[in-house]
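Trainee: Could you take me on a close look at one part of this model? I would like a connected walk through it, residue by residue.

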Amino acid sequence: MQRGLFITIEGGEGVGKSTNLQFIADCLRTSGREVITTREPGGTAFSEEIRTLLLAPREEQVSEEAELLLMFSARAQHLSQLIMPSLENGVCVLSDRFTDATYAYQGGGRGQSMERIAILETMVQGGFRPDLTLLLDAPVEIGMARANKRGALDRFEQEKAAFFERVRQVYLARAEAYPERVCVIDASKSLQAVQAEILQAIKERI
Ligand code: Z5A
């Protein structure tokens, strides 16, 4: 049986990842593929519990190292229980965020060492990487304005614009470093224009 494709959707907050997830899944299904959608941190019951721990605003300062390790704990579980078995069954997995988010948020946003992130990536994933990553990119103020309309902010959403600017720059640097895998979509446009660009990218790359 042919292994399924692993496709990730990435970008800063409010760029439209959740909004476009089902659209992308439907594009893939149109080409006759079986597709499941998932997210990080999360994707399994255990990993969703880690997500709740990670996102909840709290009095206690969460150490940057604890945050980084929890991201990879959730990922290890997600990989072994959902992503790998699905791919092996020929199912395409579409994930709202994956390890590029760790480089962008823990590396860029928090300033954790990229080398240490790379060591954890190898430990948890070996050489496994997404087949395609759609990076939705928009100026930070546009994403923040969209996200802020939703009300209560989680622990990450409470960060300042400078944090999200660093996140954005790391995402763009990774797109430049891995052009064969990462496709940048201009997410500042109207939803209709963004989806036209996504459809084009999927047709070209898959
Ligand atoms: N995180 C991390 O630090 N390290 C890691 O390794 C991983 C994650 C995996 C949870 O992620 C947090 O975990 C995340 C990074 C961290 N925190 N942050 N920030 P998440 O993906 O669940 O949370 P999020 O990035 O905050 O998602 P989001 O804010 O929901 O963003 P989104 O999914 O990209 O946006 P959306 O909900 O689809 O759209 C936002 C609004 O904009 C909504 O009202 C839409 O209707 C509207 N929208 C969308 N597209 C358009 C266009 N084109 N025009 C106009 N309006 C639009």
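Mentor: Happy to! Let's begin with R168: its relative accessible area is 19%, so R168 counts as buried, the cut-off being under 20%. Please keep in mind that this is a predicted model. R168 sits in helix 7, which covers residues 161–177. Leaving out residues up to four places away in sequence, R168 touches D137, A138, P139 and V140.

One of those partners, A138, leads us to the cores. The largest nonpolar core has 24 residues, and those with the most contacts inside it are A104, Y105, F164, V167 and Y171. Two or more residues each come from helix 2 (45–55), helix 3 (64–88), helix 4 (99–109), helix 5, helix 6 (140–148) and helix 7. Helix 7, the home of R168, gives the most to this core, with 6 residues. Take V167 as an example: not counting residues up to four places away in sequence, V167 touches A104, Y105 and G109. Apart from this core lies another, of 22 residues, and A138 belongs to that one, along with I9, L28 and A201 among others.

Now let's move to D131, in the loop between helix 5 (114–125) and strand 4 (132–137). D131 has a relative accessibility of 35%, so D131 is classed as partly exposed, between the 20% and 50% cut-offs. Setting aside neighbours within four places in sequence, D131 is in contact with R3, G4, L5, F6 and R181. Two of these partners deserve a closer look. With R3, the D131 side chain makes a polar contact, side chain to side chain, at 3.5 Å. With F6, the D131 side chain reaches the backbone nitrogen at 2.7 Å. For a sense of scale, the C-alpha atoms of D131 and Q22 are 18 Å apart, and 109 residues separate the two along the chain.

Finally, the ligand, which you will surely want to inspect. There are 28 residues around the ligand, and S18, T19, R51, R97 and T102 come nearest. A polar side-chain atom of S18 lies 2.6 Å from a ligand oxygen atom. For R51, an N or O atom of the side chain is 2.6 Å from an oxygen atom of the ligand. E157 also has a side-chain N or O atom 3.1 Å from an oxygen atom of the ligand. Taken alone, the ligand exposes 1,100 Å², and the protein buries 83% of that.

Conventions
Residues are numbered from 1 along each chain as its sequence is written. This is a predicted model: local features need pLDDT of at least 70, side-chain atom pairs count only at pLDDT 80 or more; totals for chains, interfaces and linings use all residues. Side-chain values use heavy atoms; hydrogens and water are left out. Helices (H or I, at least four residues) and strands (E, at least two) are DSSP runs, numbered from the N terminus. Buried means under 20% relative accessible area, exposed over 50%, partly exposed in between (1.4 Å probe, protein chains only). Contact means heavy atoms within 4.5 Å. A polar contact is a pair of N or O atoms within 3.5 Å; within protein, one must be able to donate a hydrogen and the other to accept it, and residues adjacent in sequence count only if both atoms are side-chain atoms. A nonpolar core is a set of buried Ala, Val, Leu, Ile, Met, Phe, Trp, Tyr and Cys residues joined through side-chain atoms within 4.5 Å. A residue is near a molecule or strand if one of its heavy atoms lies within 4 Å of it. Accessible areas come from the Shrake-Rupley method with a 1.4 Å probe; for residues, only the protein chains shown count as cover.
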